[in-house]
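Subject: A structure to look at together

Hi there,

I am passing a structure on to you, with some notes on what turned up in it. Please open it first and keep it beside you while you read.

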Amino acid sequence: MSITKQDVALSGKLAKMAVTEQEASIYEAQLEALFKWVKELSAVNTDNVKLTNVNLAAHLRKDVPAEDAALAAQLRAVFAEQEKDCAKVKKVL
Amino acid sequence: MMTVSEIVKAVTQGTQTAEQITRESLKVIAEKNPRINAFVEVFEQDALAQAKAIDEKRSRGEKLGALAGVPVGIKDNLLYKGHKATCCSKMLANYVASYTSTVVEKLIAADAVIIGRTNMDEFAMGSSNQTSVYGVVHNPVDETCVPGGSSGGSAAAVAAGMVPVALGTDTGGSVRQPAGFCGVVGIKPGYGRISRYGVIAFASSADQVGVLAANVRDTADVLEVLAGKDVHDSTSLEAPVPAYSQQFTADLKGLKVGLPKGFLDGLNETIKSRVEAAAQTLKEKGAELVEVEVPYAKYSAPCYYIITSAEASSNLGRYDGIRYGYTDTQAQDLNAYYEGSRAPFGLEVKKRIIIGTYALTSGRYEECFLKAMKVRELIREDFKKVFTQVDVLLTPTSPTTAFKIGAVEENSLALYLADLYTCQGNIGGLAGISVPFGKDEKNLPIGVQLYGPILQEEKILNAAYHLEKSI
C-alpha cells in the first residue's frame with residue numbers, strides 16, 4: 001500500500017480542499033510512512049470478522065416534515081429576512 | 001489552588017464565597033497565563049456573575065450543587081451558548097455557540113463556575129498542542145516542554161493551579177496523555193458514559209469528554225456530575241451513575257490487575273520501571289497481578305489513524321462556508337468557493353482529511369477502511385475476553401515523558417506513536433485513567449494508565465486512588 005503525490009492531490013480534490021504543490025510533497029513523504037504502518041493490518045486474518053450491523057431504522061425517527069406551527073414560527077423568527085413564508089439565507093455566489 | 005472537595009466544603013459552609021474562589025482563580029490565570037498560554041479566553045465577567053449568583057443562592061438558604069463555586073476550564077471544542085468555540089482553528093475564528101453542550105449545562109447546574117476556554121490542538125488533532133492557532137502551550141512543570149495534547153491547555157491549566165479542574169476531550173488519548181505529561185489526573189470514561197451533545201465532532205465513534213484534575217477524588221466527583229444518559233445523544237448509555245468517590249476501598253483485595261504481555265517491550269527504562277513499581281504497589285494493596293494476552297491491541301494505532309481520519313473527513317465536511325466556518329467571498333465559481341472556504345484548515349487537519357478521504361476512496365476502501373474496521377472488532381473482542389479474566393489493565397500512559405517544544409515535528413509519525421498506549425482505549429471503547437506515578441531523571445512527570453471495561457469507571461478510579469496515595 002503506498003500513496004503518491006497524485007493520490008494526495010486527488011484526495012484533496014475529493015475533499016474540496018486546495019492542496020499546493022509544496023503541501024503535496026510534504027504530505028506524500030509523511031503519508032508514505034503512515035501507510036507503511038497501516039500495511040501491517042493486511043497481515044491480520046479478518047476472514048471471519050463480521051462487522052456489527054446497526055439497524056438505524058430502529059433508532060431514528062421517521063424523516064417527515066414537522067407540522068408544528070409554533071416551531072415553524074420559532075424557526076422562521078431566527079432569520080432576519082423572510083419572503084413569502086420562506087427564510088432568506090445568505091447568497092453564496 | 002484548593003481541591004474541588006475543599007472548595008465545595010468552603011462555599012457550602014460559607015467559610016469562603018464563590019466570588020473569592022473565582023477571583024483567586026482569575027488572579028492565578030492573570031499571573032501565569034501569559035507564559036503558559038493554557039487559556040485562550042477568560043470569561044471574567046460571566047464567571048464573576050455566576051459566582052455571585054451562587055453566593056446569593058446560599059444566602060437565600062438554597063441548597064448548593066455538587067460543584068458549588070468550583071472554577072472549571074472548558075476545552076475550546078465544547079459549546080457554551082453565547083461564547084466562542086473555535087477548536088483553536090482559523091476556520092472557526094468567529095464562531096459563537098448557539099446552544100450549550102450537555103457537559104457544560106451539567107457543570108452549571110451543579111453550581112460550578114465556567115472560567116474560560118482552554119487551548120488545544122486544532123480540531124483536537126495532535127499530541128503536543130503545537131497546532132493551535134493561538135500558539136503553543138507551555139508545560140507548567142518545564143516551560144520549555146510541550147504539555148501534550150490535544151487537551152494541552154486543560155492539563156496545563158490544572159497543573160499550573162489556575163483551576164482545580166478542566167474538561168477535555170479524548171479521541172486517541174487527548175485527555176490522558178497531556179495529564180501524564182503535566183503530572184495531573186485525566187480520565188476518559190468508557191464510550192457513552194458522558195454525552196457528546198455540543199462537543200464539536202472529530203471522530204464520532206471515538207470522541208469522549210474527559211476530566212482533568214489535580215487528584216483522583218476530584219476527578220471522580222466531577223465525573224459523577226457529568227455522567228449519565230442524555231436524550232440529545234443517542235450514543236450515551238442508560239445506566240445508573242455511582243457515587244464514584246464513595247466506592248474507594250481501604251485496600252484492593254479481590255481486584256485482579258492484568259499486565260498485558262509484551263506491552264513494556266522496548267519501552268524507555270525509566271517509564272518501564274515506574275509501571276513495574278505501580279504493579280508492585282497494587283499488589284501490596286491486595287490486588288492480584290495476572291499476565292494477560294491482548295494480541296490484536298498492537299494494531300490499535302494504525303486502525304485509529306485510518307478510522308478516525310475517515311470519520312474526520314466526513315465530520316469536517318460541514319466546514320464549507322455555507323453550513324459552518326469561514327466564507328470565501330471572492331470566489332467566482334462553486335469549486336473555488338469550496339476550496340477558498342476550506343483553506344483556513346491547518347496542515348495537520350488537512351492531512352487527516354486527506355488520509356480519511358483516501359481511505360474511503362473506492363480503490364482503497366476495502367484494504368484501508370474496511371480492514372481497519374474489521375481489525376477494530378478483533379481488538380474489541382480481545383478486550384472483552386481479557387475483562388472476563390481481570391478487572392483492570394495496567395499500562396504506561398505514554399512511551400515518553402514531555403518533550404521539548406519543536407523537538408518532534410508536529411506532523412510526523414513519531415508524534416503519532418505518542419498515542420500508542422492510549423488510542424487502544426478509544427478503539428476498544430474502554431474507560432481509561434492516567435495517574436501521576438513518579439518522575440523521570442529530568443524531573444518530568446510519568447503517568448501510568450489503568451483501563452477498565454465500559455461502565456466500570458469506579459474500578460479504575462479506585463485503583464488509581466491507591467496508586468496516588470502511595471506516592
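What share of the 93 residues of chain A count as buried? The answer is 16%. Please bear in mind throughout that this is a predicted model.

**Confidence**

The scores for the model are ipTM 0.89 and pTM 0.93. Chain B has a mean pLDDT of 96, with 99% of its residues at 70 or more.

**The two chains**

Chain A contains 4 helices and 2 strands. Going along its sequence, you will meet them in the order α-α-α-α-β-β.

Chain B has 15 helices and 11 strands. Its radius of gyration is 21 Å, close to the 23 Å that the globule rule gives for 471 residues, so chain B is as compact as a globular protein of that length. Along the principal axes, its C-alpha atoms fill a box of roughly 65 × 55 × 45 Å. In chain B, 61% of the 471 residues count as buried. Taking the contacts in chain B with a separation of 6 or more, 75% are between residues 24 or more positions apart.

**The sheet of chain B**

A good place to begin in chain B is its open sheet of 11 strands, with mixed pairing and the order 1-3-2-4-6-5-10-11-9-7-8. Strand 1 (39-42) and strand 8 (288-292) are the edge strands, each pairing on one side only. Direction ignored, neighbouring strands of this sheet are turned by 30° against each other on average. Helix 2 (residues 18-36) of chain B packs on the sheet, where it touches strand 1, strand 2 (71-75) and strand 3 (113-118). The direction of helix 2 makes about 140° with that of strand 1.

Strand 5 (residues 185-188) of chain B is worth following through its pairings. Strand 5 runs antiparallel to strand 6 (residues 208-213), joined to it by 3 bridges; here B:Gly186 stands opposite B:Leu212. Strand 5 is also antiparallel to strand 10 (residues 431-439), again with 3 bridges, and B:Lys188 has B:Gly432 of strand 10 as its bridge partner. Which residues point one way from strand 5, and which the other? B:Val185 and B:Ile187 point one way, B:Gly186 and B:Lys188 the other way, and all are buried.

For a parallel example, turn to strand 7 (residues 256-260) and strand 9 (residues 392-396) of chain B, which pair over 2 bridges. There, B:Gly258 is the bridge partner of B:Leu393 in strand 9.

**Where the chains meet**

The contact between the chains involves 35 residues of chain B and 28 residues of chain A. On the side of chain B that touches chain A, at least two residues each come from helix 9 (300-315), helix 10 (334-341), helix 11 (347-360) and helix 12 (365-389). Helix 12 supplies the largest share, 9 residues. By type, this side of chain B divides into 21 nonpolar, 6 polar and 8 charged residues.

**Some residues to find in the loops**

Three of the residues I picked out lie in the loop between strand 3 and helix 5 (152-159) of chain B.

- B:Cys145 is in this loop. Why does B:Cys145 count as buried? Because 21 other C-beta atoms lie within 10 Å, and 20 or more is the cut-off. Leaving out residues up to four places away in sequence, B:Cys145 touches B:Asn139, B:Ala402, B:Phe403, B:Lys404, B:Ile405 and B:Leu444. From B:Cys145 to B:Asn335 there are 190 residues in sequence and 41 Å in space, C-alpha to C-alpha.
- B:Ser150, also in this loop, is joined to B:Gly149 by a cis peptide bond with an omega of about 10°.
- B:Ala124 is placed there too. B:Ala124 is not a glycine, although its phi is positive, at about 65°. With 31 C-beta neighbours inside 10 Å, B:Ala124 counts as buried.

One more residue belongs to another loop: B:Asn443 sits between strand 10 and strand 11 (445-452) of chain B. Phi of B:Asn443 is positive as well, near 70°, in a residue other than glycine. Is B:Asn443 buried or exposed? B:Asn443 is exposed, with 10 other C-beta atoms within 10 Å.

Happy exploring, and best wishes!

Technical notes:
Residues are numbered from 1 along each chain as its sequence is written. Chains are lettered from A and ligands numbered from 1 in the order in which they are written. This is a predicted model: local features need pLDDT of at least 70, side-chain atom pairs count only at pLDDT 80 or more; totals for chains, interfaces and linings use all residues. The radius of gyration is taken over C-alpha atoms; the globule rule is 2.2 Å times the number of residues to the power 0.38. A residue is buried if 20 or more other C-beta atoms lie within 10 Å of its own, exposed if 12 or fewer, and partly exposed in between; C-beta atoms are placed from the backbone. Two residues are in contact if their C-beta atoms, placed from the backbone, lie within 7 Å. Two strands pair if DSSP finds at least two bridges between them. Axes are lines fitted to C-alpha atoms, for helices over the stretch in contact, and angles run from 0 to 180 degrees between N-to-C directions. pLDDT is the predictor's confidence in each residue, from 0 to 100. Ala, Val, Leu, Ile, Met, Phe, Trp, Tyr, Cys and Pro count as nonpolar, Asp, Glu, Lys and Arg as charged, and the others, Gly among them, as polar.
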